[in-house]
Amino acid sequence: MLLFLGGIALLIVGYFTYGKVIEKIIGPDDRKTPAVRYADGVDYMVLPPGKAMLIQLLNIAGIGPVIGVILGIKYGTAAFWIIPVGNIFGGAVHDFVAAMMSMRAGGANLPVLMRRCCGRTMYAVMTIVMCFLLLLLVAVFINVPTQLIDRGIFPQFAVDFWIAMGVIFLYYVAATFFPIDQIIGRFYPVFGALLVLGSAAILVKLLCDAGADPSLLTEGTGFRENMYAADGRSPNPILPMLFVTIACGILSGFHATQSPIVVRTLKSEKYARPCFYGMMVLEGVIAMIWAGAALALYNLRPELMKANPNYVLPEITGHFLGGHIGLVTIISVIVLAITSGDTAMRSLRLSIAEIARIPQKKFINRVILCLPLIAITAGLLWWSNRDTGSFNILWNYFAWGNQVLAAMTLTAATVWLVSLKKTAVVTLIPGMFMTFIVTSYILWVRPGRGNGAVGFGMDLHISYAAGIAAAVIAAAAAVVAGLRKRQLNDPDWIGKKSHK
């Protein structure tokens, strides 16, 4: 109980302390924001800060702080301190700095920022990784809500799987085409309120139950049986598995693809810390709540440890909230997945348009860019639903690609901070850590390890050593690149040229 409550308290304190440290390093000022300078009535427009914050929350939350932690809490109560520490010093810093880089570069998307910070080679790699990730994410975030609907969430209705999938897909297309204020800006605040209220209701009931029985928030015997093989060696080590499993609650590269969408709606840079650092911290609180609820339910019903997390979700809401309120919360989780998938497709459109230099004010230009994206996504949906194994592969590579993107974003952020003679260690350390995670993961994992993902199957300790080497090399390269950018003294470098 104390570890759980301490983790939530640490997140709140972290926002008001370390968040202000990061804000002071970046130095938001009164220059004109992209929403003001480039207003086009489609992607660039000023929205109320409260609305922008809720849009950012739903953009980044996805299903990670719910489905991800239902899986991740199987690693035990270590998640209760790893989530807040990783969030404050890693995820929230990643989101805030990436957003400010975009803000200072006119609302630029990640590939453009990578090109300016790390050169054309890294730009090409980033573009491929990001497009690959966003396509996988769109497919995953159509699949998961469809599965939740299809598997008895609404037993009173006979909803065909493919019809539900088609409706969700069509909504994604509509949200991608139309101006941000017409669909996303109109409905997201309501969806965000549902998510926050549902999570708060679970927290209240969880605290009441755990107060009567503190063992609910401790590790039962099922956790050791789940984590350790017969010889006592861990088949799923916390490093690197936990940091891939609970991506969105700790640190997620996907968030940096979403930040430019909201960057283009802020009237002032002073809203950046609550909007980006703050919403990541709030996502961490939501992840803690769902992790605690899952832990309690696993202790009450150990057989659920082996169940699909999509089956565990309604069991959690039913146990803690009952039928009607639980159903509302499940709907909010379905909406959570949908409201990250639609902006992922929108971000993909914006990024490709920026790379190809195709203006997006005209509707026909948006259609031209979206048609191939729709075709590729449809192919992924067909392939991933052939069998369970196909979807597991889709999920695992989405999770790993997500963290590859985080490592690359933090590397670019380090280049930027070094070039401006700012305290770069705040992005250098988490960037090194994530480089270690993604390298050791792909080298170690193989079929039979890590839920069936395909990697190189190397010894764990060799994978760790290679991960450390990759982290040191990437860090050194970022610092050197930053020093070179500093020497160029380019007045148009990101953030140097003031736009009053």
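Cysteine 208 is exposed, with a relative accessible area of 51% (buried means under 20%, exposed over 50% and partly exposed in between, using a 1.4 Å probe and protein chains only). The model is predicted: local features need pLDDT of at least 70, side-chain atom pairs count only at pLDDT 80 or more, and totals for chains, interfaces and linings use all residues. Residues are numbered from 1 along each chain as its sequence is written, and side-chain values use heavy atoms, with hydrogens and water left out.

**Cysteines**

- The structure holds 0 disulfides, a disulfide being a pair of cysteine sulfur atoms within 2.5 Å.
- Cysteine 118 is in no disulfide, and the nearest cysteine sulfur, that of cysteine 117, lies 5.6 Å away.
- Cysteine 118 is partly exposed, at a relative accessible area of 22%.

**Second largest pocket**

- The volume of the second largest pocket is about 320 Å³. On a 1 Å grid over the protein atoms alone, a pocket is an open set of points with protein on both sides within 12 Å along at least five of seven lines, whereas a cavity is a set of points where a 1.4 Å probe fits but cannot get out; lining residues have an atom within 4 Å of a point.
- Grid points are joined across faces, edges and corners, and a volume is the space filled by probe spheres set on the points.
- This pocket is lined by 15 residues, and Met122, Met408, Thr411, Thr435 and Ala474 lie nearest its centre.
- At least two lining residues come from each of helix 7 (110-153), helix 18 (388-419), helix 19 (425-444) and helix 20 (460-488); helices are DSSP runs of H or I with at least four residues, numbered from the N terminus.
- Helix 18 gives the largest share of the pocket lining, 5 residues.
- The pocket lining holds 13 nonpolar, 2 polar and no charged residues. Ala, Val, Leu, Ile, Met, Phe, Trp, Tyr, Cys and Pro count as nonpolar, Asp, Glu, Lys and Arg as charged, and the others, Gly among them, as polar.

**Cavities**

- The whole structure has 3 cavities of 30 Å³ or more.
- The second largest cavity contains about 40 Å³ of space.
- Its lining includes Thr411, Gly431, Thr435 and Ala474, and helix 18, helix 19 and helix 20 each supply at least two of the lining residues.
- The lining of this cavity divides into 7 nonpolar, 4 polar and no charged residues.

**Helices 18 and 19**

- Alanine 413 lies in helix 18 and counts as buried at 3% relative accessibility.
- Alanine 413 and glycine 431 are 18 residues apart in sequence and 9.0 Å apart in space, C-alpha to C-alpha.
- Helix 19 has 20 residues, and its end C-alpha atoms are 28 Å apart, in agreement with the expected 28 Å (1.5 Å times one less than the number of residues).
- Of the 20 residues of helix 19, 15 are buried, so this helix is largely enclosed by the rest of the structure.
- Lysine 421 lies in the loop between helix 18 and helix 19, is exposed at 65% relative accessible area, and has a positive phi near 60 degrees although not a glycine.

**Helix 15 and backbone details**

- Helix 15 (residues 309-321) reaches 18 Å from its first C-alpha to its last, close to the 18 Å expected.
- Buried residues of helix 15 include Val312, Leu313, Ile316 and Phe320.
- The buried residues of helix 15 fall within an arc of 150 degrees seen down the axis, so they line one face of the helix; the arc is that of the directions from the helix axis to the C-beta atoms.
- Glycine 322, just after helix 15, takes a positive phi of about 80 degrees.
- The peptide bond from leucine 239 to proline 240 is cis, with omega near 10 degrees, and proline 240 lies in helix 11 (residues 238-245).
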